[in-house]
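Thanks for asking me to look this one over. Here are my notes, in the order I would read them with the viewer open.

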Amino acid sequence: MTTKYPKRNKQRKSALRKAMWILPILVLLAAGVFLIQPAESLAPQTIVEEAWTAATEIGQFQYRTNIEQTTSPLLKLANVGLSPKTDTFYIEGESNLPADEMQMRLWQGTGDVVSGQDSIEMRVIDGKAEGRVADGAWEAVEDFGDGFAPNGDPLGFLVAAENVEFLSEETKVLPEPIAAVVNQDAITYRRYAFDIDGPTFGRYMRDQMEADLRNRGELPPGINLDVARTYAEMEADGELWLDADGLPLRQILHITFPEGEDDQVTAVIQTDFTNWARPEPTPIVHFSELVASTGTAVQTAVSSAAPHLI
């Protein structure tokens, strides 16, 4: 009687060879599950942290900030008849963090933005901060915008961001003049909400100040500063808008500082970011090209081994 096992073995080996041709695609698809991580799959906390890291690494951008600072009298007998007072500040600036250079101009209330009248201008060149009023002479200053931009960086508050939540993805149609400049009709961005941990932010500000004082030789070795109560006890939350590249478009902060002797200060700080010095785009390898190139290599290896399987 003729056995059927040889024929059955040949069928199995033929099926195996066919399966080997499919293997490269299956490997790529499986790899894609683990290696391709769209923004939706990342935790909101991670997305915001990576946005701050990317922004810091690029470090070159322009910004506009609106600040509404409200001073409210405490409920004390001496404050009877007093009402909250709101001051508004406008800031335009640009930063080049890698070069340790920054420049900004600040107006209060009805300051003339065009002529610069009643404005305060500040800059950092080679790590040295200077300031002047209107078009006066430049003078050395010690503090540079710590009230609204930690160490001169408007995004510095993100070092203490926690409880980050994704809010929404939105698309806005751009006005025709702006659309013509940026060469796009609409912009899509993602909104994230977060809290700011006061003690963490306070330690960050202390460390920045200590480093600055040591660089100037004004802080002896072994001496450390205390964390400022203004920051350690503040309560704050915010919102961050990220563009399609994961870079900040807008940051909105709501800050309540600890009570003083007679009043308490709150602030709403909105900063819009533009003109990021984006790196040169890297060549894009499409998935079909990746399958073709990788598949050919794997198939060549399989073909070399195939004779030994038959």
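The points below cover confidence, strand pairing and the nonpolar core.

1. Please keep in mind that this is a predicted model. The protein chain has an average pLDDT of 76, and 69% of its residues score at least 70.

2. Confidence varies by element. Strand β9 (residues 235–242) has the highest mean pLDDT, 96, while helix α6 (residues 287–305) has the lowest, 42.

3. Two stretches deserve your caution. Residues 18–38 have pLDDT below 50, and beyond near neighbours in sequence the model gives this stretch 13 contacts. Over residues 282–310 the pLDDT also stays under 50; here the model has 20 contacts beyond four places in sequence.

4. Now to the strands, where β11 (residues 263–274) is a good place to start. Strand β1 (residues 60–73) pairs with β11 in the antiparallel sense, over 12 bridges. If you want a register check, look for Q62, which stands opposite T274 in β11.

5. Strand β11 also pairs with β10 (residues 248–256), again in the antiparallel sense, through seven bridges. These two strands, β10 and β11, make a hairpin with six residues between them. For the register here, R250 has D272 in β11 as its bridge partner.

6. Finally, the packing. Which residues have the most contacts inside the largest nonpolar core? They are I196 and F201, in a core of 39 residues. Helix α2 (residues 44–58) supplies the largest share of this core, with six residues.

Key
Residues numbered from 1 in each chain as written. Predicted model: local features only at pLDDT ≥ 70, side-chain atom pairs only at ≥ 80, totals over all residues. Heavy atoms only, no water. Core = buried A, V, L, I, M, F, W, Y, C linked by side-chain atoms within 4.5 Å. Buried < 20%, exposed > 50% of the residue type's maximum accessible area, 1.4 Å probe, protein only. Helix = DSSP H or I, 4+ residues; strand = E, 2+ residues; numbered from the N terminus. Pairing = 2+ DSSP bridges. pLDDT = per-residue confidence, 0-100. Contact = heavy atoms within 4.5 Å.
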